[in-house]
Amino acid sequence: GGRPSRTEFEVLARGQETARLGLSLLTGRTHQIRVHLAHIGYPVVGDPVYGGRPRPDDPDYQLLHAVRLTLKHPVTGEELNISSPLPERFLPFMEEEVLL
């Protein structure tokens, strides 16, 4: 019953039970990333709503982070490029990954 939305993704690295994904949002809907990833079987680790069955080692926060955002300024229309490094608290969860 929701509005149409579209997310493109690429698998960047795989672990035994998890994967690191690169995502491009072609629309901007509330919970879009979390809903789409849960739908295709890649729920966000630490997501209490869309994350599926929690594991004992899941963090009490979502492993979801925007490394880079590109958007148009709502008033000037200027393209904004914003970046933020991956939080250090994510690193222990990435130790098992195999880069593709």
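**Figure 1. Lining of the largest pocket.** Forty-six residues, written here as 46, line the largest pocket, and those nearest its centre are Ala19, Arg20, Leu21, Leu63 and Leu64. The model shown in this and the following views is a predicted one. The volume of the largest pocket is about 1500 Å³. Strand E2, helix H1 and strand E3 each contribute at least two residues to the lining. E2 provides the largest share of the lining, namely seven residues. By character, the lining residues of the largest pocket comprise 25 nonpolar, ten polar and eleven charged.

**Figure 2. The largest nonpolar core.** Five residues form the largest nonpolar core: Val11, Leu21, Ile33, Leu37 and Val44. In soluble globular proteins, nonpolar side chains tend to be buried together. Leu37, one of the residues of this core, touches Leu21, Leu23, Tyr42, Pro43 and Val44 when residues up to four places away in sequence are not counted. Leu21 thus appears in two of these views, as a member of the core and among the residues nearest the centre of the largest pocket.

**Figure 3. Helix H1 and the residues beside it.** The buried residues of H1 are Gln32, Ile33, Arg34 and Leu37. These buried residues pack against strands E1 and E2. His31 belongs to the loop between E2 and H1. Is His31 buried, partly exposed or exposed? With a relative accessible area of 36%, His31 is partly exposed. The phi angle of His31 is near 65°, a positive value in a residue other than glycine. Most residues other than glycine have a negative phi. Gly41, just after H1, also takes a positive phi, of about 90°.

**Figure 4. A salt bridge between Asp47 and Arg34.** Side chains of opposite charge can pair when their charged atoms come close. Asp47 and Arg34 form a salt bridge in which the closest N and O atoms are 2.7 Å apart. Arg34 lies in helix H1 and Asp47 in the loop between H1 and E3, so this pair ties together parts that are 13 residues apart in sequence. Asp47 has a relative accessible area of 4% and is therefore buried. Arg34 is also counted as buried, because its relative accessibility is 13% and the cut-off for a buried residue is under 20%.

**Figure 5. Salt bridges around Arg55.** The side chains of Glu17 and Arg55 meet in a salt bridge, with an N to O distance of 3.3 Å. Which parts of the chain does this pair tie together? Glu17 is located in the loop between strand E1 (7-14) and strand E2 (19-25), and Arg55 in the loop between helix H1 (32-39) and strand E3 (68-72), so the pair links parts that are 38 residues apart in sequence. Glu17 counts as exposed, at 64% relative accessibility, whereas Arg55 counts as partly exposed, at 23%. Arg55 also meets Asp58 in a salt bridge, at 3.1 Å from N to O. Asp58 is partly exposed, with 22% relative accessibility. Through salt bridges that share partners, Glu17, Arg55, Asp57 and Asp58 are joined into one network. The count of salt bridges comes to five.

How values were computed:
Residues numbered from 1 in each chain as written. Predicted model: local features only at pLDDT ≥ 70, side-chain atom pairs only at ≥ 80, totals over all residues. Heavy atoms only, no water. Salt bridge = Lys/Arg side-chain N within 4 Å of Asp/Glu carboxyl O. Helix = DSSP H or I, 4+ residues; strand = E, 2+ residues; numbered from the N terminus. Buried < 20%, exposed > 50% of the residue type's maximum accessible area, 1.4 Å probe, protein only. 1 Å grid on protein atoms, 1.4 Å probe; cavity = no way out; pocket = protein on both sides within 12 Å on 5 of 7 lines; lining within 4 Å. Points joined across faces, edges and corners; volume = space filled by probe spheres on them. Nonpolar A, V, L, I, M, F, W, Y, C, P; charged D, E, K, R; others polar. Core = buried A, V, L, I, M, F, W, Y, C linked by side-chain atoms within 4.5 Å. Contact = heavy atoms within 4.5 Å.
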